[in-house]
Amino acid sequence: MNINQVREQLHLLIDEVDDIYVLNGLYRTLISDKRQRDEYEKEQAEKAKKQGRSSRRN
């Protein structure tokens, strides 16, 4: 393998690492967004449940 082939392989590996880094970042963002959405929906369900109880009492 000559130096140009080594450089080519190195650049391909660097591109793959960059792609993996970006994909991992996107994955973390999606997981975080899902967690926040789940927490928000849970809070909204609890609020609706409490409002339902208080309206029945009146």
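**Entry 1: a term to start with**
I call a residue exposed when its relative accessible area is over 50%, buried when that area is under 20%, and partly exposed in between. I keep in mind throughout that this is a predicted model.

**Entry 2: Y21**
I tried the term on Y21 first. Its relative accessibility is 65%, so Y21 counts as exposed. I found Y21 in helix α1. I then looked at its surroundings on the surface: Y21, V22, L23 and L26 make a nonpolar patch of about 460 Å².

**Entry 3: the overall fold**
How many helices and strands does the protein have? I noted one helix and zero strands. Next I looked up the radius of gyration, which is 25 Å. The globule rule gives 10 Å for 58 residues, and the value here is well over that, so the protein is more spread out than a compact globule. I also took down the span of the C-alpha trace along its principal axes, about 85 × 10 × 5 Å.

**Entry 4: a distance along the chain**
I picked two residues to get a feel for the scale. Y21 and K42 are 21 residues apart along the chain, and their C-alpha atoms are separated by 32 Å.

**Entry 5: the surface**
What share of the residues counts as buried? I wrote down 2% of the 58 residues. The accessible surface comes to about 5,900 Å². Carbon and sulfur atoms hold 53% of that surface.

**Entry 6: charges**
I turned to the charged side chains and found 12 positive and 11 negative charges. How far apart are their mean positions? The answer I noted is 18 Å.

**Entry 7: a pair of charges**
Side chains of opposite charge can pair when their charged atoms come close. I looked for such pairs, taking a nitrogen-to-oxygen cut-off of within 4 Å, and the count came to one salt bridge. Which residues form it? D38 pairs with K34, and their closest N and O atoms are 3.0 Å apart. That distance is within the 4 Å cut-off, so the pair qualifies.

I checked where the two partners sit. Both D38 and K34 lie in helix α1, which covers residues 3–57. They are four residues apart, about one turn of the helix.

Are the partners buried, partly exposed or exposed? D38 has a relative accessible area of 36%, so I list D38 as partly exposed. K34 is at 41%, so K34 is partly exposed too.

Terms used:
Residues are numbered from 1 along each chain as its sequence is written. This is a predicted model: local features need pLDDT of at least 70, side-chain atom pairs count only at pLDDT 80 or more; totals for chains, interfaces and linings use all residues. Side-chain values use heavy atoms; hydrogens and water are left out. Helices (H or I, at least four residues) and strands (E, at least two) are DSSP runs, numbered from the N terminus. The radius of gyration is taken over C-alpha atoms; the globule rule is 2.2 Å times the number of residues to the power 0.38. Buried means under 20% relative accessible area, exposed over 50%, partly exposed in between (1.4 Å probe, protein chains only). Accessible areas come from the Shrake-Rupley method with a 1.4 Å probe; for residues, only the protein chains shown count as cover. Lys and Arg count as positive and Asp and Glu as negative; His and the chain ends are not counted. The place of a charge is taken as NZ of Lys, CZ of Arg, CG of Asp or CD of Glu. A salt bridge is a side-chain nitrogen of Lys or Arg within 4 Å of a carboxyl oxygen of Asp or Glu. Patches are made of residues with over 30% relative accessible area and no salt bridge: like charges are joined within 9 Å, nonpolar side chains (Val, Leu, Ile, Met, Phe, Trp, Tyr) within 5 Å.
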